[in-house]
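Take a look at the chain shown below and turn it around a little. The report after it walks through some rings, some strands and a few single residues.

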Amino acid sequence: MFSTDKQMGYQCFVSFFDLRDSSQIENNEPYMKIPCSDSKITSAVWGPLGEFIIAGHENGELNQFSAKSGEQLSNIKEHTKQINDIQTSRDMTMFITASKDNTAKLFDCTTLEHLKTFRTERPVNSAALSPIFDHVVLGGGQEAMDVTTTSTRIGKFEARFFHLAFEEEFGRVKGHFGPINSVAFHPDGKSYSSGGEDGYVRIHYFDPQYFEFEFEA
C-alpha cells in the first residue's frame, strides 16, 4: 500500500497491491485505488492482521480504510495540524502519531480511541514506541526553512523521551544540527536511531542503567 501526493491537478490516491499477483506489479495496476479529495494523506500504516490501513492527513484527520472494499471505517480529528508520522506498537494494538501541532498522540488501533497526549513546544516530525518499556521517543524541531537562522540550542533538535502512561518527559538526547525527521527503536529495545535534516543517521545505544532503572521502577 502507498499513497500519492496531491499536486499538478492530480488528487491524492491510496493504491493497494497484492504481491502474490505479479501482473499487478508488472503492469502497475493495483487491485484497488481510494481517492482522497479532501485532504492528502501524509502518513499511513497497516492495521492489525492487514484488514485495514490507518491514514493520517494534512488537515490532522485520522481515517481507517478497509483493505478489501476501500470503505472508510472510521474517522476522527484529534490533531489541529498535519500528521507527519504514524508508528504502531509491537503488538499492533496501539499507534502513535506525530504532528505539526507540537504534539504526539497515542491511539487504539482498532477503535481509534485517543489514549494519551505528549506535548512539546515545537513541531513533532516523528514518534516511536519502545518495544520493551512504556517509553516514547519524539523527534522534531522547527521548519527546515528557518534552520539556517537559528542556533542548534534554540532550535531544540534533541530527541525527547516520555513515559507512556504518565505523559511526562524524563530525558533528552542531543546530537543533531537540524530538525529530526525520523526516529525508530531497535526491535530489541536496546537502542534507537534518528535521522535528521543535517543528513546524519545517529544510532544511540542505551546505558545499562537505563534497563536497571526501569526494572526497579
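A charge counts as sitting over a ring if NZ of Lys or CZ of Arg is within 6 Å of the ring centre and within 35 degrees of the ring normal. Keep in mind that this is a predicted model. In it, Lys 33 lies over the face of Phe 13, at 4.6 Å from the ring centre.

**Rings that pair with rings**

Let us move on to rings that meet other rings. A pair of aromatic rings is described by the distance of the centres and the angle of the planes. Rings pair if their centres lie within 6.5 Å, and by this rule the count comes to 17 aromatic pairs. One of them is formed by Phe 16 and Trp 46: the centres are 5.9 Å apart and the planes stand at 75°, so this pair is edge-to-face. The step from angle to name uses a cut-off, because planes over 60 degrees apart count as edge-to-face. This pair links distant parts of the chain, since Phe 16 is in strand β2 (residues 12-16) and Trp 46 is in strand β4 (residues 41-46), 30 residues apart.

A second pair brings together Phe 161 and Phe 170, and this one is tilted, with 6.1 Å from centre to centre and 50° between the planes.

How open are these four residues to the surroundings? To read the table, remember that buried means under 20% relative accessible area, exposed means over 50%, and partly exposed is in between.

| Residue | Relative accessible area | Class |
|---|---|---|
| Phe 16 | 1% | buried |
| Trp 46 | 34% | partly exposed |
| Phe 161 | 4% | buried |
| Phe 170 | 41% | partly exposed |

In the edge-to-face pair, then, Phe 16 is buried, while Trp 46 is partly exposed. In the tilted pair, Phe 161 is buried and Phe 170 is partly exposed.

Which cluster do Phe 161 and Phe 170 belong to? Ring pairs link them with Phe 133, Phe 185, Tyr 192, Phe 206, Tyr 210 and Phe 211.

**A sheet of three strands**

Two members of that cluster, Phe 185 and Tyr 192, lead us to a sheet. Tyr 192, in β17, is the bridge partner of Phe 185. The sheet itself is open and has three strands in the order β16-β17-β18, with antiparallel pairing. β16 (180-185) and β18 are at the edges with a single partner strand each, so one side of each has no neighbour in the sheet. On average, neighbouring strands here are turned by 20° against each other, direction ignored. β16 and strand β17 (residues 191-196) are joined by five bridges in the antiparallel sense.

Now pick out Ile 203, which is in strand β18 (residues 201-205). Is Ile 203 buried or exposed? With a relative accessibility of 51%, Ile 203 counts as exposed. Leaving aside residues up to four places away in sequence, Ile 203 touches Tyr 192 and Ser 193. Its C-alpha atom is separated by 32 Å from that of Glu 61, which is 142 residues away along the chain.

**Strands around β6**

Strand β6 (residues 61-66) is mostly covered, with five of its six residues buried. Strand β5 (residues 52-57) pairs with β6 in the antiparallel sense over five bridges, and Asn 63 in β6 is the bridge partner of Ala 55. The hairpin of β5 and β6 has three residues between the strands, and Gly 60 there takes a positive phi near 95°.

β6 is also joined to strand β7 (residues 72-77) by five bridges, and these strands run antiparallel. Here the bridge partner of Asn 63 is Asn 75, in β7. In the hairpin of β6 and β7, with five residues between the strands, Gly 70 takes a positive phi near 85°.

**What the record adds**

An unreviewed UniProt entry places the feature "repeat: WD" at residues 76-117 and 173-203. In the model, residues 76-117 are 0% helix and 57% strand, with the end C-alpha atoms 15 Å apart. Residues 173-203 are 0% helix and 52% strand, and their end C-alpha atoms lie 11 Å apart.

A last stop is Ser 99, in strand β9 (residues 94-99). Ser 99 is buried, with a relative accessible area of 0%. Beyond residues up to four places away in sequence, the contacts of Ser 99 include His 79, Lys 81, Pro 123 and Val 124.

Conventions:
Residues numbered from 1 in each chain as written. Predicted model: local features only at pLDDT ≥ 70, side-chain atom pairs only at ≥ 80, totals over all residues. Heavy atoms only, no water. Phe/Tyr/Trp six-rings, centres within 6.5 Å; stacked < 30°, edge-to-face > 60°. Helix = DSSP H or I, 4+ residues; strand = E, 2+ residues; numbered from the N terminus. Buried < 20%, exposed > 50% of the residue type's maximum accessible area, 1.4 Å probe, protein only. Contact = heavy atoms within 4.5 Å. UniProt positions renumbered as here; feature names shortened; annotations may be inferred. Pairing = 2+ DSSP bridges. Axes fitted to C-alpha atoms, helices over the stretch in contact; angles between N-to-C directions.
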